[in-house]
Amino acid sequence: MPLLVGLQPQAFVEVPQELADDKGIKNGDRVRVSSARGKLEVVALVTKRLGPVTLAGNKKVYQIGIPIHWGFVGVSAEQNPEGSKYWLANALTPMVGDVGARTRAFERARADAPDREDLAAYAVRTALPGVMEAAVAAGTEALREATLLRFHHADLEGLIEAWLDGDEASGTDTFLARASTQPLLEALPELAAQLRSADASDRYCPRCGGLPQVAVFPETGETLLTAQRTLVCSRCANEWVMSRMTCASCGETSGAKMPILSDVDLFPHLRIDACEICRRYLITVDQRKDPRAVPVVDELAALPLDLIAAERGYTKIARNLMGF
Ligand SMILES: [Zn+2]
Ligand SMILES: [Zn+2]
């Protein structure tokens, strides 16, 4: 990445000539690109390589192109630390592209009701193919390549068993196991309950013993001081209440040891709850500030916050589907 940044120092968006004319954008202008999930500020590269597409006979649609991950490290980021966090294409497009595969897996599991012994084999047979297909069709190039490798070589049942046992695997293995197995556990709470070990502490999911993925202040109409904090399980999507003054990883209760980090311009409703004792953190979604927020989706979109946490040496309690 630092070498690439040497060749092309800043992120850019390729804009079709016709769209640029329409919006009064000239080559080299700084432009803002935004989606429902985030925004970028990058340089415009006006191009004739991309033309409009006409849909349904009359609807004209333009495509733009943004290089992924550009310049958040290297020379340009060092020169412009403020700006570089607005250069990540991922900020616009969290990967929630496998919704179709997950919904099918969820419904089918309800009907088939596999038991604990068959769970890994069942996931490989029924849910994993759809997840792999989605990863190959819509994933990043790295995910696509890694998925194809797994498809040909890996012990897929072993990969899912390991995830069920809570082993930290590579990003791709965790993604595949989790995307295919989580909908099954969500569909079958009694099955999820069989994963919980008897000695699991109350900082784990009370249903399956999994780690929390994200914390939520729900939109309840309560005041700031009385609002309860809910944690969402990374394994079975169960929700449970945990005191907001307690580290969700190590149980620390001293507020002075638990810094809160945020970027209120970028994400007014999101923040990092970190812990200096165990060096772990969790993203918190405040639905009182944005009632439309969908915790597990907004958690994926919080990548710039993940980078802030990583810079300060914190690691997330449970990595999300994107591997952050
Ligand atoms: Zn759980
Ligand atoms: Zn802690």
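The following legends describe three close-up views of a predicted model. Local features are restricted to pLDDT of at least 70 and side-chain atom pairs to pLDDT 80 or more, whereas totals for chains, interfaces and linings use all residues. Residues are numbered from 1 along each chain as its sequence is written, and chains are lettered from A and ligands numbered from 1 in the order in which they are written.

**View 1. Crossing of helices α8 and α9.** Helix α8 (residues 156-164) and helix α9 (residues 171-187) have axes that come within 9 Å and cross at roughly 80 degrees. Helix α8 is therefore roughly perpendicular to α9 (angles of 65 to 115 degrees). Leu-159, Ile-160, Trp-163 and Leu-164 of α8 form the contact with Asp-173, Thr-174, Leu-176, Ala-177, Arg-178 and Thr-181 of α9 (C-beta atoms, placed from the backbone, within 7 Å). By class, this contact has six nonpolar, two polar and two charged residues.

**View 2. Pairing of strands β2 and β3.** Five bridges join β2 (residues 30-34) to β3 (residues 39-47) in the antiparallel sense (pairing requires at least two DSSP bridges). Ser-34 has Lys-39 of β3 as its bridge partner. Strand β2 is hardly covered, with zero buried residues among its five (buried: 20 or more other C-beta atoms within 10 Å of the residue's own).

**View 3. Surroundings of helix α12.** The buried residues in α12 (residues 303-311) are Leu-303, Pro-304, Leu-305, Asp-306 and Ala-309. Their cover includes β9 (260-261), β10 (270-274), β11 (280-286), α11 (295-301) and β12 (315-316). Gly-313, just after α12, takes a positive phi of about 85 degrees.

How values were computed:
Axes fitted to C-alpha atoms, helices over the stretch in contact; angles between N-to-C directions. Helix = DSSP H or I, 4+ residues; strand = E, 2+ residues; numbered from the N terminus. Parallel < 35°, antiparallel > 145°, perpendicular 65-115°, else oblique. Contact = placed C-beta atoms within 7 Å. Nonpolar A, V, L, I, M, F, W, Y, C, P; charged D, E, K, R; others polar. Buried ≥ 20, exposed ≤ 12 C-beta atoms within 10 Å, placed from the backbone.
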